[in-house]
Structure formats: structure tokens, C-alpha cells
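Happy to have a computational chemist at the table. Let's take a few labels one at a time and ask what earns each of them.

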Amino acid sequence: MRLFIAINLSDAMKASLINIQNALYDRGVRGNYTSEENLHLTLAFIGEYPNAQPVLDVLSAVTFRPFELSLEGMGRFGDLWWAGMRESVPLTAVVRRIRRALAENGIPFDKKRFSPHITLIRKASGDLPGIAPEPASMTVNTLSLMRSDRGRNGMIYTELGALEADGE
Ligand code: 2AM
């Protein structure tokens, strides 16, 4: 199984991202647009791992309070174009705790520095136009363990389990 830990986005947040995608499409940008249901923010990429339960056990020991996530800016890693997130101390902190817990329990993950981004287009053509995402925020109450499978028409992401925020 190919596993990753992610924040699944609110409908409003996804709607804002779809608006950006539409604006890019209208400007002639072609590529592999992420479908609405696949828009997410990855916190840790585990990759091939045989069993979800140990990961869920490790995740269940991580605590966090609900926090706000806001879109800010756009950028690219080569031909992968993304929407960025406003600097967020609680986001960075919970990612650090998740990654530390995975490492302490011998669950492998991609150690690349956390660079919060939501992939909008892969294999994008041309130059990134100066489009600013419309303001959009959501409250994060849930972190999800996701499984990624290659489907006939692109990737299929399935939630295998979730970690809920602590109450106030
Ligand atoms: P990406 O959108 O920048 O490709 C599922 O593949 C999710 O895990 C995607 O959000 C992907 O980010 C992320 N991810 C992080 N590191 C990855 C890696 N080494 N290989 C594949 N996906 C990775």
C-alpha cells in the first residue's frame, strides 16, 4: 500500500482551488489538473508500507488542537504547480510531532523538508501567471491516513483512518 498523512480540505477551500484551476485553464495552461476530490495537503509521505494499523496506532498518540489553514500564494516545483498556505505555527508543530512519532516507531517516510503545498496541476505547460488565490480558510479538525492507488483515470485516494483534534 502507498500511504500518506494529509489534511482533506473543506468544500469551500476546494471551491477556491477549483476557481484558480479554472482561471489557469482559461489562460491556456494545460496539464494534468488535480480533480476536486483529490485536492489535499500532504503532511507526511510514507510510501509503500504493508500495514495501516501500526501507522494509525502511532498517529493516535499525536495530539493537536483545531487550527486555521489559509491559502496564500502560488508556486511551482518544475512543472508541478501548487497553491501555498499561510505560515502556520500549529501546522508546522503538528507535522513535526507526526514525523517524530513516525521516526520513533520505525515507520519510514520521506524526510524532505515540509513545504506545505496543494498540487493543482502536474505537467503544467508554460509560465505561471500572476494569479493570487482568492482568500480562503478552513478549520482543521481532522488529519487523515490516506491510501493512494493508481486508477484507470488517475489517482484514487482513500481515507483509512483519522485523527481528531482534542476538544477545547
Ligand atoms: P505532491 O502533490 O507534491 O506530488 C500523494 O502522492 C501525496 O504525497 C501527494 O500530495 C504528494 O505530493 C505527496 N508526496 C510527498 N512526497 C512524495 C514522494 N516522495 N512521492 C510521491 N508523493 C509524495
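Q: What makes the shell around the ligand a mix of classes, and how many residues fall in each class?
A: In this predicted model, the shell has three nonpolar, four polar and three charged residues. Asp and Arg count as charged, and the shell includes Arg-2, Asp-110 and Arg-122. Phe and Leu count as nonpolar, and among the surrounding residues are Phe-4, Phe-45 and Leu-80.

Q: Why is the approach of His-117 to an oxygen atom of the ligand called a polar contact?
A: The cut-off for a pair of N or O atoms is 3.5 Å. A polar side-chain atom of His-117 lies 2.6 Å from a ligand oxygen, so the pair is within the limit. Thr-119 passes too, with its polar side-chain atom 2.4 Å from an oxygen atom of the ligand, and for Arg-122 the value is 2.8 Å.

Q: How do you know how much of the ligand the protein buries?
A: Taken alone, the ligand exposes 460 Å², and 74% of that is buried by the protein. The space that the ligand takes is the largest pocket.

Q: Which elements give two or more residues to the shell around the ligand?
A: They are strand S1 (2-8), strand S3 (40-48) and strand S6 (117-122). In total the protein has three helices and nine strands, following the pattern β-α-β-β-α-β-β-α-β-β-β-β along the sequence.

Q: What makes the radius of gyration agree with that of a compact globule?
A: For 168 residues a compact globule would come out near 15 Å, and the protein has 16 Å, so the two agree. Its C-alpha trace spans about 45 × 40 × 25 Å along the principal axes.

Definitions and conventions:
Residues are numbered from 1 along each chain as its sequence is written. This is a predicted model: local features need pLDDT of at least 70, side-chain atom pairs count only at pLDDT 80 or more; totals for chains, interfaces and linings use all residues. Side-chain values use heavy atoms; hydrogens and water are left out. A residue is near a molecule or strand if one of its heavy atoms lies within 4 Å of it. A polar contact is a pair of N or O atoms within 3.5 Å; within protein, one must be able to donate a hydrogen and the other to accept it, and residues adjacent in sequence count only if both atoms are side-chain atoms. Accessible areas come from the Shrake-Rupley method with a 1.4 Å probe; for residues, only the protein chains shown count as cover. On a 1 Å grid over the protein atoms alone, a cavity is a set of points where a 1.4 Å probe fits but cannot get out, and a pocket is an open set with protein on both sides within 12 Å along at least five of seven lines; lining residues have an atom within 4 Å of a point. A molecule sits in a cavity or pocket if more than half of its atoms lie within 2 Å of its grid points. Helices (H or I, at least four residues) and strands (E, at least two) are DSSP runs, numbered from the N terminus. The radius of gyration is taken over C-alpha atoms; the globule rule is 2.2 Å times the number of residues to the power 0.38.
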